[in-house]
Amino acid sequence: QEEMVARQEEMRRKTAEHEANLRTKTELAKAKAEADGRIRQERENHDLILDKLRQEAAERRDTVLKGIQDAGKMIGEGLQTYLDDTTKLRNTALTVTGIAVGIYTARTSIGIAGRFVEARLGKPSLVRETSRFTVSQLVRE
């Protein structure tokens, strides 16, 4: 009877080992099948992703080119309108001329004023006193 129990125990152990091996093999096969499926799906999606990226790049490029063309057209039309309007051209020319004359006049005036101040302050005090003109001296002359 002990032999029979030992034999049954041995058979149970072998059956449990066999079931564990089968479970392990099944899990490995399942994991491998899932991995192969994911890899195949990624390969198929890779082409789709590349096509999508190419389309997006083409759309972006077209949008940028269209924006550049529109900007060029607007600048060209604005410049053409400006050049066709003679009053605007005349006013611009007069304004630029006025600014140039103003700058030149200011520069020259500052130079003259500087030389005048330098001449008055650069003399020694004795020379200033003897060179001073009074109102009475101007009337006598």
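Trainee: Does I68 count as buried or exposed in this predicted model?

Mentor: I68 is a residue of helix α1, which covers residues 2–84. The cut-off for the exposed class is over 50% relative accessible area. I68 has a relative accessibility of 56%, so the residue counts as exposed.

Trainee: Which residues form a nonpolar patch on the surface?

Mentor: The patch has about 290 Å² of accessible area together. I68 belongs to this patch, and I68 lies in helix α1. The residues that form the patch are V64, L65 and I68.

Trainee: How many salt bridges does the structure hold, and what is the N to O distance between E9 and R12?

Mentor: The structure holds 7 salt bridges. E9 and R12 are 3 residues apart in helix α1, and therefore about one helical turn separates them. E9 counts as partly exposed because its relative accessibility is 45%, whereas R12, at 51%, counts as exposed. Their side chains meet in a salt bridge with an N to O distance of 3.2 Å.

Trainee: What separates E19 and R23 along helix α1, and how far apart are their closest N and O atoms?

Mentor: E19 is partly exposed, with a relative accessible area of 41%. E19 and R23 are 4 residues apart in helix α1, about one turn of the helix. In their salt bridge, the closest N and O atoms are apart by 4.0 Å.

Trainee: Which residues are joined into one network by salt bridges that share partners?

Mentor: The side chains of E17 and R13 meet in a salt bridge at 3.2 Å, N to O. Being 4 residues apart in helix α1, E17 and R13 are separated by about one helical turn. The network formed through shared partners consists of E10, R13 and E17.

Definitions and conventions: Residues numbered from 1 in each chain as written. Predicted model: local features only at pLDDT ≥ 70, side-chain atom pairs only at ≥ 80, totals over all residues. Heavy atoms only, no water. Patch = residues over 30% accessible without salt bridge, like charges linked within 9 Å, V, L, I, M, F, W, Y side chains within 5 Å. Areas by Shrake-Rupley, 256 points an atom, 1.4 Å probe, with all protein chains shown as cover. Helix = DSSP H or I, 4+ residues; strand = E, 2+ residues; numbered from the N terminus. Buried < 20%, exposed > 50% of the residue type's maximum accessible area, 1.4 Å probe, protein only.
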